Structures are given as C-alpha cells and as structure tokens.
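Biologist: Please show me the model, and then let us go through it together.

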Amino acid sequence: MKEKALLVGIAESSLDRWRELERLEELALLARAAGADVFEKILQIRNKVDPAYLIGKGKAYEIRDICQEYGIDVVIFDRDLSPSQLRNLEKIIERKIVDRTELIMDIFAQHARTNEAKIQVELAQLLYRLPRLVGRGTLLSRLGGGIGTRGPGEKKLEVDRRKIKERISRLEKELKDIERTRELHRKHRRNIYKVTLVGYTNTGKSTIMNLLTKSSIKVEDQPFSTLDATTRILYLEGLPRRVVLSDTVGFIEDIPHHLIASFKATLGVAKEADLLLHVIDISHPRVKERIQVVRQVLQEISCKDKPLIMVFNKIDLIIEPKIIERFSEEFPNSIFISAKLEQGLMELKEEIKNFLKNLPDAERNRKPLKSL
Ligand SMILES: Nc1nc2c(ncn2[C@@H]2O[C@H](COP(=O)(O)OP(=O)(O)OP(=O)(O)O)[C@@H](O)[C@H]2O)c(=O)[nH]1
Ligand SMILES: [Mg+2]
C-alpha cells in the first residue's frame with residue numbers, strides 16, 4: 001500500500017510565500033514519483049527558522065496531531081534537516097520524517113538501473129545518512145530494506161556505523177574501477193564530435209534524444225526518469241567526423257550535494273562534450289529560475305564555459321505567441337521546438353551541424369580530460 005504523506009514547507013516572509021507554494025507543488029511531484037500518496041501540504045511562515053525544529057516546536061505538535069488524526073505515515077520537509085533537527089522532530093511527531101534530499105535520493109534509488117547508477121546512489125545515501133544515525137528509529141532498518149522495525153541500541157549503532165563506513169569505501173573503490181574503464185573507452189572516442197543534452201528534470205531531454213537518434217530511452221511525465229548517461233550516434237551529413245549525442249540525468253533546484261558528487265562520472269559526458277544542448281521547458285511558470293538552476297549546476301560541475309545552445313521545448317503548450325517572441329529576444333540564438341509535435345528538429349540539427357563545422361581542428365585534437 002502507498003504511504004500517506006504530509007508535506008511541510010517554510011517561508012521566511014509573506015513575499016516568499018508564493019515561491020514556497022510552487023516549491024511545494026514540485027515537492028508533491030517528487031513525493032509521487034517516490035511512490036507516496038500526498039495527503040496535504042502545510043506552509044508555515046516564520047521570520048527565522050528554528051535551529052532546533054526548523055518549523056517551531058508548536059507547529060511540530062500540530063503536525064503530530066494531524067498525523068494521528070489522519071493516519072499519516074510520513075512527513076516530508078521541503079528543506080534539508082540537520083541531524084539534530086531530524087532527531088528532535090522525530091521525537092515529537094513520531095512518524096517517519098524525510099527531507100528534500102532524502103526524497104530525491106529515494107527516487108534516484110528506485111530509478112537506478114545500471115550497476116554504476118546503483119552504486120552512485122547508494123554511496124550518496126550512505127554519506128548523507130551516516131551523521132543522521134543516532135536515535136533514528138526507522139533509519140537503519142531502511143538501510144537494510146524494509147520499514148518499521150525498532151531502532152537499534154547504542155552498541156549496535158557503533159557496529160552499524162563501522163559497517164556503513166566499510167561499505168562506503170567499497171563503493172568508492174568500485175566507482176573508481178568503473179571510471180577507469182570509462183576512461184579507456186573515452187580514448188577511443190577522441191575523434192568524434194560530442195554533443196550532450198542537459199537541463200532541468202522532465203523538460204524533454206530523452207524525448208529529443210529518442211527523436212534525433214531513433215533510440216527508445218524511457219520517457220515519462222515524472223522527475224528523474226533518466227539516471228544513466230546514454231550515448232548514441234547522431235547522423236548529420238556533411239561533417240568530417242561522426243557525432244554522438246548523450247542524454248543525462250536531469251537537474252533540480254537544491255540538488256543534493258552528495259548526489260552531484262557521486263554522479264560526477266555520469267555527468268562527465270557534459271564535461272567532455274564539444275557542445276551542450278540546454279533543454280528548457282518553456283511552458284513552466286518558473287522557467288527563468290530553472291534556467292538559473294541549470295546554469296548553477298553546470299558551474300558546479302565545471303561546465304560553465306562550454307559552448308551551449310538553449311533549446312526551448314514544449315512550445316506546443318504555449319498559447320500566447322508573444323511569450324516565444326519575448327524569449328527569443330532575451331535569449332538570441334536559441335531554438336524553439338516541440339519534441340512532441342516533432343517541430344523545429346531540423347532547425348536544431350542544422351544549428352548543431354553549423355556549430356560543429358566551425359569548430360577549429362585544434363580543438364578536436366586536444367587531449368581527453370582526465371576527470372572532473
Ligand atoms: N507537451 C509536450 N510534452 C513533451 C514535449 N517533449 C517532452 N514532453 C513530455 O515531457 C515529459 C518528460 O519528458 P522526458 O523526455 O522524459 O524528459 P527528461 O528531460 O528526459 O526527464 P528526466 O529524465 O526525468 O529528467 C514526458 O511526459 C514527455 O512526453 C513537448 O514538446 N511537448
Ligand atoms: Mg530523461
């Protein structure tokens with residue numbers, strides 16, 4: 001049976017309120033993608049977050065009552081909780097408590113298919129959970145799978161902590177081995193043009209990838225369908241070298257730091273690309289903020305100065321043509337497409353081709369980058 005979830009957001013001023021309400025919408029999408037049934041969203045406006053409880057003790061008791069009355073299984077916070085906040089809230093609310101980072105990691109864990117993705121997610125989860133072990137009733141049981149058993153005693157905690165540390169070292173080593181193999185493959189690919197799709201999650205990257213390379217990567221209307229970097233040949237005539245196109249994991253606001261760190265190898269396809277295609281869902285109400293989020297993540301993974309084409313997708317959802325006009329004025333040289341209606345794809349291919357044609361050859365012969 002699906003877990004019944006209560007979502008909790010916090011705004012630090014009433015001005016912040018709208019923004020936080022939209023974030024709660026996104027949190028609901030994330031919760032559903034993780035398999036929960038969203039019962040209700042609660043927003044608290046508070047000038048300053050409470051260092052001990054995030055939301056304030058009174059509110060925590062209120063939440064406890066709601067949980068009891070409506071049979072809520074899990075309370076999901078839109079902010080990340082420090083280990084002590086988590087502990088304090090769990091004591092009062094007496095329900096499973098999940099923060100934004102853990103929720104995103106849960107989805108990643110459920111969607112991971114390849115060995116590499118599985119290792120990357122598990123590593124991120126363990127690193128995040130290690131400092132949050134003490135006093136956490138449900139946590140360790142979840143590490144071993146299966147929810148609901150009681151928390152371990154202090155002695156067992158020590159043993160578990162040691163075991164987790166050992167597991168972390170093992171996973172880190174396995175990732176290094178995978179990276180080494182990848183490095184070998186990379187060397188073979190030096191004489192190929194590399195183009196990589198990046199962007200916020202659920203913007204249509206995989207749909208575009210499938211259309212341009214006639215592949216069949218899973219496309220779904222939910223965040224984080226794609227976790228693995230898939231690379232396929234992109235047929236473009238009139239170029240001296242072959243072109244490959246890669247699809248990547250999507251980005252999100254406040255992307256958990258541990259996830260970026262452990263997905264560095266997967267995100268490496270962005271770093272080694274000759275050209276990035278930044279796919280944007282033009283129909284989203286917070287499109288500009290999302291463009292910013294993607295730029296920030298690109299900076300974090302050292303791709304800020306990569307050549308990039310902005311690809312505004314989902315124009316079929318735009319009723320007012322002025323919106324497209326405005327974006328094209330603000331972002332000249334960008335492309336407007338509808339992957340769904342297969343509109344604008346020829347133009348996109350032309351743009352890619354023109355860009356690659358004009359690449360200086362010296363650029364092509366550079367040494368492959370070691371790693372991020
Ligand atoms: N209306 C409309 N929907 C689209 C368009 N392109 C993609 N979609 C839909 O948007 C949703 C997400 O598409 P994906 O291709 O999975 O997006 P993604 O960027 O790969 O998402 P993640 O891998 O989850 O980060 C799916 O339901 C697609 O059918 C478009 O041009 N118009
Ligand atoms: Mg995808």
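Biologist: Which residues are the closest to ligand 1?
Modeller: Keep in mind that this is a predicted model. Ligand 1 is surrounded by 22 residues. The closest of them are G204, S206, D221, T226 and G250.

Biologist: Which helix gives the largest share of the shell around ligand 1?
Modeller: By class, that shell has 5 nonpolar, 11 polar and 6 charged residues. The largest share from one element is 3 residues. They come from residues 205-213, helix α8.

Biologist: On which side or sides of α8 do its buried residues lie?
Modeller: The buried residues of α8 are K205, S206, I208, M209, L212 and T213. Around the axis they cover an arc of only 160°, so they lie on the same side of α8.

Biologist: What covers the buried residues of α8?
Modeller: The cover includes one helix segment, α13 (345-357). Strands are also part of it. They are β5 (193-199), β6 (230-234), β7 (243-247), β8 (275-281) and β9 (308-313).

Biologist: Which residue follows α8, and is it buried or exposed?
Modeller: The residue after α8 is K214, in the loop between α8 and β6. Its phi is near 50°, positive in a residue other than glycine. K214 has 11 other C-beta atoms within 10 Å, and the cut-off for exposed is 12 or fewer. Therefore K214 is exposed.

Biologist: Where is E342, and what is its phi?
Modeller: E342 sits in the loop between β10 (335-336) and α13. E342 is exposed, because 11 other C-beta atoms lie within 10 Å. E342 is not a glycine, yet its phi is positive, at about 55°.

Biologist: Is F77 buried or exposed?
Modeller: F77 is found in strand β3 (residues 74-77). Within 10 Å there are 24 other C-beta atoms, and 20 or more count as buried. So F77 is buried.

Biologist: What is F77 in contact with, leaving aside its neighbours within four places in sequence?
Modeller: One distance first: F77 and I55 are 22 residues apart in sequence and 9.7 Å apart in space, C-alpha to C-alpha. The contacts of F77 beyond four places are V8, L54, D99 and R100.

Biologist: Which residues have the most contacts inside the largest nonpolar core?
Modeller: That core has 85 residues. V311 touches L277, H278, V279, I280, I335, I337 and L348, not counting residues up to four places away. V311 is one of the residues with the most contacts inside the core; the full set is A31, V75, I76, V311 and F312.

Biologist: How many residues of helix α10 are buried?
Modeller: Helix α10 spans residues 264-271 and is mostly covered. Its buried residues are A265, T266, L267, G268, V269 and A270. That is 6 of its 8 residues.

Biologist: What share of the protein's residues is buried?
Modeller: The protein has 14 helices and 10 strands. Among contacts with a separation of 6 or more, 68% join residues 24 or more positions apart. Of the 372 residues, the buried share is 35%.

Biologist: Over which residues does pLDDT stay under 50?
Modeller: The mean pLDDT is 87, and 90% of residues reach 70 or more. Where pLDDT is low, the predicted coordinates should not be read in detail. The stretch with pLDDT under 50 has 21 contacts beyond four places in sequence in the model. That stretch is residues 137-152.

Terms used:
Residues numbered from 1 in each chain as written. Chains lettered and ligands numbered in written order. Predicted model: local features only at pLDDT ≥ 70, side-chain atom pairs only at ≥ 80, totals over all residues. Near = placed C-beta within 6 Å. Helix = DSSP H or I, 4+ residues; strand = E, 2+ residues; numbered from the N terminus. Nonpolar A, V, L, I, M, F, W, Y, C, P; charged D, E, K, R; others polar. Core = buried A, V, L, I, M, F, W, Y, C linked by C-beta atoms within 7 Å. Contact = placed C-beta atoms within 7 Å. pLDDT = per-residue confidence, 0-100. Arc of directions from axis to C-beta.
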